Structure formats: structure tokens, C-alpha cells
Amino acid sequence: MDLVHEGPEPQLKEKSIKRSRTETQEKTESRRESKENPLKRKDNTLPLKKRPVPQHDQTVEKRRASKTQNGGKFFNRYILGKLLGKGGFGSVYAGIRKADGEKVALKFINKYEEYPYTTLPGDTQRLPLEVALMELVSKPPHCPYVIKLLEWFETPKIVILVLERPEPCVDLFEYCEDVKISENKAQVIMQQIVNAARHCRDRGVIHRDIKDQNILINPQTLDVKLIDFGCGDLLKDTPYTEYSGSQDYEPPEWIIEKKYEAEPATVWGLGIFLYTLLHGAEPFNGPQEIVNGHLDFPSNLSEASCSLIEWCLQRNPKRRPTLEQILTHHWFWRHVNEKQQNKSI
């Protein structure tokens with residue numbers, strides 16, 4: 001049976017925003033845009049990891065055992081709560097697991113035409129692509145900076161992901177609307193997000209849409225979690241020829257050559273993310289500005305932060321840092337040293 005939410009859906013709060021939210025439909029448009037797409041990575045970057053063969057541990061098997069061709073099992077196990085967010089491909093609700101009262105997030109994904117499936121290396125089961133990616137990033141040992149898949153269900157029209165629901169949390173976009181992000185706070189957030197990207201890479205996954213709307217943050221501790229793998233793909237060591245993600249985060253090699261490699265494209269996106277986090281607006285407006293690559297920095301940013309952003313936003317992919325090299329940049333250590341000095345005073 002199809003899954004239907006009873007009663008009216010709560011309306012999402014709309015804000016006038018300084019940073020532009022990219023429409024969810026861009027994911028579809030970008031996926032369909034071309035079969036010949038972005039990025040080239042070169043010698044000064046770490047070699048891309050090959051796709052790992054997933055280990056068939058008990059946790060994975062338990063999640064897969066929950067797959068069903070009807071919604072009966074889902075409603076027997078979970079209580080559907082309020083709407084948390086809604087996009088072009090589906091909705092996310094708060095939920096409660098009946099067995100133990102655990103709070104969860106329930107993501108309902110509508111199966112559009114040509115909905116992507118994949119089979120993981122070393123396996124025979126055909127999985128929805130987003131499920132497969134989340135299986136890979138969720139298997140133990142788990143990364144605290146990436147949202148965890150608990151189990152999943154499927155009907156002919158819908159895929160349901162049962163995800164952990166950290167509390168308290170808001171998405172980073174919303175948090176930045178109300179709170180001024182200092183460089184010290186940005187350093188804490190950026191460090192976690194780079195490690196989340198490293199975890200995805202090491203598990204054979206590219207996220208392709210790391211931005212403030214896809215990051216949950218605990219406003220009390222600044223702990224973050226990367227969410228929404230709907231634009232992601234399995235990692236490969238050859239160029240991608242299809243782009244999926246926010247248009248404002250497209251790397252120049254995709255715009256020029258219609259191809260890109262995983263890690264340098266991820267690093268480019270992290271450069272956009274850091275600029276936006278510190279400045280409150282994206283550095284480029286449209287494809288031509290992305291290709292030109294001219295950066296205007298506000299006067300209040302430190303030289304160290306500008307240096308890191310410029311490094312990540314090199315037009316030539318081979319001149320960008322690796323994910324590991326980002327974390328060695330002196331911008332991070334500058335703030336660590338400042339904290340240590342303040343404690344000693």
C-alpha cells in the first residue's frame with residue numbers, strides 16, 4: 001500500500017535569506033543535463049580510494065531485513081510525527097520507534113521516473129542508490145559527523161529511510177540566520193565537515209552537495225552532522241560525466257569540460273561552503289563568475305581564512321589541496337593557538 005500522512009502538513013517557515021537556497025529541482029535538472037560531465041584531479045592529490053566491498057556485519061543485515069514491499073511493517077514499528085522539512089523529492093518527519101521510544105527522523109523519498117538503483121561490490125542485492133550510499137557510510141565504526149541510517153523500507157512508490165535524530169539541532173542555514181559565525185566557530189564547524197567528507201570518501205561515497213542546508217548543528221555544542229545523500233554517488237577513480245548538486249557549487253572544470261573528479265570537486269565545494277559560512281553570501285553568482293574565479297573578501301576576514309578559501313577555490317583542480325591538506329592549513333592552528341593563549345591568561 002502507499003504511505004499517506006493523515007491530517008494537514010505543518011507549513012514550513014519561510015525566510016528572506018541572504019544566502020540563496022538552491023531549488024531542490026536542480027538535482028533533477030543537473031542529473032539529466034548531460035551524460036558527459038565534470039572534473040579532473042592530478043598528481044598533488046591523494047589517489048582516490050577504490051570502492052570498498054561492504055562487510056556483511058549484523059547491523060547491515062538487520063537494516064536490510066527491514067526492506068518490505070508494503071508499508072505495514074513501517075506503521076507497526078514507528079509513529080509518524082510533525083513535518084520537519086519538505087523538498088521536491090519527498091519529506092522528512094519526526095518519528096518515534098514504538099519498541100523503545102527512540103526519537104528518529106523519517107525521510108520519505110518519492111520514486112521519480114528512472115529512480116536510481118545500484119548493487120554494491122561483493123553483493124547481489126539491488127538497492128536504491130541513496131540507501132546504498134547510507135549503508136556504506138553508516139556501517140561500523142560510525143563517523144559522528146555523518147547522520148546514521150538505522151533501517152529502511154520500500155513500497156512501489158516510496159522509499160523510507162529511518163535516520164537518527166540528534167537533539168537539539170537545527171540546520172546550519174537556519175542557525176546562521178540567527179547567530180553571527182565567528183572564525184572560531186567556523187573553524188570548529190569546518191573541521192568536522194572536512195572529516196565528514198573524508199569519512200564518505202574512505203567508505204567509497206561522494207556526497208556532492210555539502211552545504212549549510214544539508215548540515216545539522218547542535219546550537220549548544222556546535223556538533224554537526226552531514227545529511228541528505230540524495231545527490232551522492234559511489235566513488236570512482238575516473239572522471240564523472242554527470243553532475244548532481246547545487247548550481248552555485250559547481251566546479252569550473254564541470255562548466256568548461258563537463259567532467260570532474262571526486263576529491264577536487266569536493267574540495268571546491270568546501271571552499272564555497274567556508275566562504276559562505278564566514279561571509280553570509282556565496283562568492284560567485286552564476287557560471288561565468290565561477291569560471292573567472294575572482295574572489296572579493298570582506299575586510300573583516302583574517303588573512304589565514306582567505307588563504308584557505310583561495311587554496312580550495314583554485315580554478316585548476318590539481319592545485320587544490322586534498323582533504324587531509326585542508327586540515328593542516330594554518331587557519332585551523334591559528335585559532336587553536338589563540339584558545340590556548342586565552343586559557344593561559
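Analyst: A polar contact is a pair of N or O atoms within 3.5 Å, and within protein one of the two must be able to donate a hydrogen and the other to accept it. The model discussed here is predicted.

User: What makes the approach of R208 to E242 a polar contact?

Analyst: The side chain of R208 comes to 3.3 Å from the backbone oxygen of E242. The cut-off is 3.5 Å, so this pair counts as a polar contact. A further backbone oxygen, that of C231, lies 2.8 Å from the R208 side chain, and this value is also within 3.5 Å.

User: Why is R208 called buried?

Analyst: Its relative accessible area is 13%. Buried means under 20%, so R208 falls in that class. R208 sits in the loop between strand 9 (205-206) and strand 10 (215-217). Between R208 and G230 the C-alpha to C-alpha distance is 9.0 Å, with 22 residues of sequence separation.

User: How do you know that R208 borders a cavity, and which residues share that lining?

Analyst: A lining residue has an atom within 4 Å of a cavity point, and R208 is listed for the largest cavity. Among the others are I206, D209, I210, Y243, Y249 and Y260. Helix 8 (residues 262-279) supplies the largest share of this lining, 3 residues.

User: What makes that space a cavity and not a pocket, and how much space does the largest one hold?

Analyst: In a cavity a 1.4 Å probe fits but cannot get out, whereas a pocket is open. About 160 Å³ lies in the largest cavity, and the structure has 5 cavities of 30 Å³ or more.

User: Why is strand 7 described as largely enclosed?

Analyst: Strand 7 (residues 158-164) has 7 residues, and 6 of them are buried, so the rest of the structure largely encloses this strand.

User: How do you know which strands pair with strand 7?

Analyst: Pairing requires at least two bridges. Strand 3 (residues 103-110) shares 7 bridges with strand 7, in the antiparallel sense. Strand 6 (residues 149-154) shares 5 with strand 7, also antiparallel. Both counts meet the requirement, so both strands are partners of strand 7. On the strand 3 side, A105 faces L163 and N110 faces I158. On the strand 6 side, E154 has V159 as its bridge partner. Strands 6 and 7 form a hairpin, with 3 residues between them.

User: What makes strand 1 and strand 6 edge strands?

Analyst: The open sheet has 5 strands in the order 1-2-3-7-6, paired antiparallel. Strand 1 (78-87) and strand 6 each pair on one side only, which puts them at the edges. On average, neighbouring strands here are turned by 25° against each other, direction ignored.

User: Which helix lies across this sheet's strands, and what makes that helix mostly covered?

Analyst: Helix 4 (residues 129-138) lies across strands 3, 6 and 7, at about 160° to strand 6. Of its 10 residues, 10 are buried, including E130, M134 and E135.

User: Why are strand 8 and strand 11 placed at the edges of the other open sheet?

Analyst: That sheet has 3 antiparallel strands in the order 8-10-11. Strand 8 (170-171) and strand 11 (224-226) have a single partner strand each, so one side of each lacks a neighbour in the sheet. Strands 8 and 10 are joined by 2 bridges, which meets the minimum of two, so they pair. V170 stands opposite I217 of strand 10. Helix 6 (residues 183-202) packs on this sheet and touches strands 10 and 11, making about 35° with the direction of strand 11.

Methods:
Residues numbered from 1 in each chain as written. Predicted model: local features only at pLDDT ≥ 70, side-chain atom pairs only at ≥ 80, totals over all residues. Heavy atoms only, no water. Helix = DSSP H or I, 4+ residues; strand = E, 2+ residues; numbered from the N terminus. Buried < 20%, exposed > 50% of the residue type's maximum accessible area, 1.4 Å probe, protein only. Axes fitted to C-alpha atoms, helices over the stretch in contact; angles between N-to-C directions. Contact = heavy atoms within 4.5 Å. 1 Å grid on protein atoms, 1.4 Å probe; cavity = no way out; pocket = protein on both sides within 12 Å on 5 of 7 lines; lining within 4 Å. Points joined across faces, edges and corners; volume = space filled by probe spheres on them.
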